[in-house]
Amino acid sequence: MKKIFFAFIIILAVFTAKAQLSISDYCDVNICTPASIKDMTPLPDGESFAAISDDGKSIEKFSYKTGKKIGEIFSISSVKGDLKIDEFDGFKISDNGKKILLWNNKEKIYRYSFRAEYYVFDTFRSTLARVSDKGLQRGATISHDGRYVAYERDNNIWISNLDYKTDIPITSDGEVGKILNGIPDWSYEEEFDLLTAMCWNKDDTVLAYVKFDESEVPEYRFDQYRGYCSSDPLGDLYPNSYAYKYMLPGFKNSRVSVHAYNLDNRTTKKMDLPLASDDYIPSVAFGEDGSRLMVMVLNRDQNSLKLYNVNPASTVGKVILTEQSSTWISPVSYSEIRYNETDFVFCSDKSGYKHLYLYDYNGTLKRTLTKGEFNVTKYYGSDKKGVHYMQTTSLGPECRSVVSVDPKGVVKILTGNSGTSSASFSSNMAYFIKTYSSSNTPPQYTICAASGSQLAELEMNRAYAEKYKNAPKMEFLKVKNAIGDEMNAYMIKPLNFDSSKKYPLLMYQYNGPESQEVLDKWRMEGIFYLASQGYVVACVDGRGTGNRTAEWAKCVYLKLGDLETQDQLSAIRYFASLPYIDENRLGCFGWSYGGYMTLMEAGALNSPLKAGVAMAPVSDWRFYDGIYTERFMRTPITNVSGYESSSALNTTKNVNANLLVISGSDDDNVHMYNTLKYTSKLSAEGKICDMMIYAGFEHSLRMCDARVQLFRKINDFLENNLKK
């Protein structure tokens with residue numbers, strides 16, 4: 001009997017040890033991140049897709065119908081000729097499928113952009129050609145027929161003709177810190193998601209591009225301190241000085257113009273567009289037939305958007321669509337547009353929700369594609385039958401579903417009744433790769449027919465799901481703010497939660513304009529670790545957040561931080577009223593905009609917070625990226641009171657909570673200066689706070705084991721300043 005008892009104890013101990021998760025299981029991005037699938041590139045035939053092999057040495061071809069490998073379209077070992085490569089980092093396939101653009105030896109520029117060595121593989125001859133041997137290239141764009149590659153080097157555009165082995169510049173005025181041809185400046189990359197600013201027309205006779213004159217944009221400098229995580233010896237003795245053009249609110253932005261280079265006669269023409277000196281061009285693309293150059297022009301206040309139909313030969317442009325707003329134009333209007341042969345799809349929130357509209361190229365509305373009390377969050381395209389595919393919130397703002405709308409307006413939900421689904425469609429829109437997760441289900445990747453029926457499994461994360469089945473889980477609820485509005489919220493309770501006990505509360509927030517945190521999708525990160533350490537973690541999407549009504553999102557206009565802080569404090573007080581929350585142990589934590597919210601909540605009059613953690617916070621909007629800030633606040637000169645009331649620096653006198661403020665010294669997005677300015681203000685007022693600087697780290701803190709160390713520090717701070 002004793003032997004059986006002891007055996008049971010041993011088995012229980014082993015089971016408990018296996019079930020218990022460590023801080024690395026929650027916070028190390030290499031461990032807590034579920035398995036994903038490789039980037040899947042649809043092939044022109046519509047029946048197959050391509051992906052890099054597991055060993056990184058080839059590009060494999062897979063069937064949409066089965067998900068099985070059916071061949072290879074490139075292999076390092078099968079390259080013929082003298083030019084060989086040992087590895088490659090990525091690829092793009094020409095529209096006709098005959099050429100493959102490959103690159104390796106990447107050198108990072110900003111968050112997403114890079115320079116690299118580019119090559120073109122001829123699928124018929126199995127030969128490899130170097131795009132250029134004159135230095136690294138950026139923003140390489142292969143023509144539809146695969147004969148040309150346009151790219152940037154030294155701020156000029158070059159075109160490599162692979163047939164004739166020529167490599168010539170088509171601009172000559174490029175200069176660092178002054179003129180950029182065909183590549184975006186920092187602000188355009190960060191805020192308009194541009195990695196290249198050039199495009200080919202359909203028959204590859206014209207290359208259109210945007211020229212950026214950043215001569216008058218102020219230069220931002222900061223010292224780079226190399227921590228022990230970096231193997232780069234530069235900066236060990238004397239710090240490097242990092243400099244780049246960065247527009248703060250109210251300062252000069254890049255002057256932009258649109259040009260078209262004709263390959264047949266080798267001439268360049270500037271498009272005749274009535275641009276103001278501070279207008280933005282967030283999007284340039286050729287229409288599907290290739291004769292129309294579609295240019296979006298956004299004014300500096302970002303409340304007026306004009307779409308021009310431009311003839312690149314005559315340079316004459318005609319406004320065919322104008323979108324106006326009393327606040328700001330939602331970025332979906334220039335990110336979710338799609339040009340077809342005879343019409344285009346445009347997304348607007350003018351109805352109060354984000355919906356799709358079909359226009360012809362004269363600007364005449366042909367059809368309203370979607371309508372109702374939901375938002376379109378992604379547009380995927382349409383098939384030859386006129387069926388349109390998109391992602392929507394039609395099942396509620398916390399969910400995402402893939403939806404089709406046929407020519408008669410009949411809506412069909414393709415992806416189930418809960419959670420978050422997204423799609424990547426085949427080139428003929430006959431199939432899609434579905435990504436699905438929920439708060440209780442890690443990501444699952446399957447192949448579906450356009451009807452929604454499942455054809456094959458790619459990755460279901462079953463072992464991962466088993467590992468985390470006993471981790472803390474999200475519970476969704478509604479919380480009212482001070483004026484009675486319902487806010488979407490979730491709560492994560494500690495393991496072995498006991499409702500008869502009193503727990504400290506940690507509010508997690510972001511709450512930036514049009515953002516969303518309360519979403520029924522899988523997350524496994526540091527906040528779950530903090531919940532496992534004995535905190536009730538809660539999150540609320542207050543006023544200003546997205547995917548409800550446009551009014552809900554845009555009511556924060558010209559007064560960032562005001563209504564958001566009111567709503568977060570209302571939520572904190574609600575949770576504090578629950579019987580299992582200790583009203584004397586209330587804290588909050590946020591990153592970036594969420595870090596700003598931590599500072600604003602701590603500095604609010606009669607704040608109930610005992611402790612707060614602000615990671616990479618904005619402390620004053622005059623210190624942040626101009627395009628983002630002016631979208632919601634306009635310029636400091638035109639909105640003096642708004643900038644004053646939104647500054648966390650003006651609330652420090654009210655701070656009584658214990659604060660931990662954290663930054664990376666190499667953060668080129670939210671500069672460390674925000675943190676230093678804020679902590680300096682506290683110090684000048686005789687107050688103290690904890691501060692931690694990550695030397696050589698950027699905004700996301702994904703290098704080395706920084707996330708583990710970060711949450712170890714946060715947990716230690718909360719143990720001493722919130723839990724006790």
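Colleague: Which residues lie nearest the centre of the largest cavity?

Modeller: Lys 354, Glu 514, Thr 549, Ala 550 and Ala 553 do, out of 14 residues that line the largest cavity. Before we go on: this is a predicted model, where local features need pLDDT of at least 70 and side-chain atom pairs count only at pLDDT 80 or more, while totals for chains, interfaces and linings use all residues. Residues are numbered from 1 along each chain as its sequence is written, and side-chain values use heavy atoms, with hydrogens and water left out.

Colleague: What volume does the largest cavity have?

Modeller: First, the terms: on a 1 Å grid over the protein atoms alone, a cavity is a set of points where a 1.4 Å probe fits but cannot get out; a pocket is an open set with protein on both sides within 12 Å along at least five of seven lines; lining residues have an atom within 4 Å of a point. Points are joined across faces, edges and corners, and a volume is the space filled by probe spheres set on them. For the largest cavity that comes to about 70 Å³.

Colleague: How many cavities of 30 Å³ or more turn up in the whole structure?

Modeller: The search finds 3. The second largest cavity has a volume of about 50 Å³. Look for Asp 185, Tyr 188, Lys 245 and Tyr 280, which are among the residues lining the second largest cavity. Ile 627 is also one of that lining.

Colleague: How do the two linings divide by class?

Modeller: Ala, Val, Leu, Ile, Met, Phe, Trp, Tyr, Cys and Pro count as nonpolar, Asp, Glu, Lys and Arg as charged, and the others, Gly among them, as polar. The lining of the largest cavity has 3 nonpolar, 6 polar and 5 charged residues. For the second largest cavity it's 5 nonpolar, 3 polar and 3 charged.

Colleague: Now pockets. What is the volume of the second largest pocket?

Modeller: About 760 Å³. Of its 36 lining residues, Ile 109, Tyr 110, Arg 115, Tyr 242 and Ala 243 are the closest to the centre of the second largest pocket. By class, that lining holds 15 nonpolar, 7 polar and 14 charged residues.

Colleague: Which strand gives the largest share of that lining?

Modeller: Helices (H or I, at least four residues) and strands (E, at least two) are DSSP runs, numbered from the N terminus. Here E17 gives the largest share, 4 residues. Strand E10 (148-153), strand E16 (219-224) and strand E17 (240-245) each supply at least two residues of this lining.

Colleague: How do I read a sheet, say the one with E32 in it?

Modeller: Strands of a sheet pair through backbone hydrogen bonds, either parallel or antiparallel. Two strands count as paired if DSSP finds at least two bridges between them. This open sheet has 4 strands in the order E32-E33-E34-E35, paired antiparallel. Its edge strands, E32 (420-425) and E35 (454-459), each pair on one side only. Between E32 and strand E33 (residues 431-438) there are 6 bridges, and Ala 423 stands opposite Lys 434 in E33.

Colleague: What strand order does the sheet starting at E1 have?

Modeller: E1-E2-E3-E4, an open sheet of 4 strands with antiparallel pairing. The edges are E1 (41-42) and E4 (69-75), each pairing on one side only. Strand E3 (residues 58-63) joins E4 over 5 antiparallel bridges, with Ser 58 opposite Ser 75 in E4.

Colleague: And which residue takes a positive phi in the hairpin of E26 and E27?

Modeller: Gly 363, near 90°; the hairpin has 4 residues between its strands. E26 (residues 355-360) and E27 (residues 365-368) pair antiparallel over 3 bridges, where Tyr 357 faces Thr 368 in E27.

Colleague: Is Ser 663 buried or exposed?

Modeller: Buried means under 20% relative accessible area, exposed over 50%, partly exposed in between (1.4 Å probe, protein chains only). Ser 663 has 2% relative accessibility, so it counts as buried. You'll find Ser 663 in strand E42 (residues 658-664). By contrast, Lys 521 counts as partly exposed because its relative accessibility is 34%. Lys 521 sits in the loop between strand E38 (503-509) and helix H7 (526-532).

Colleague: How many residues of helix H10 are buried?

Modeller: 10 of its 10, so by that cut-off H10 (residues 593-602) is mostly covered. Tyr 593, Met 597 and Glu 601 are among the buried residues.
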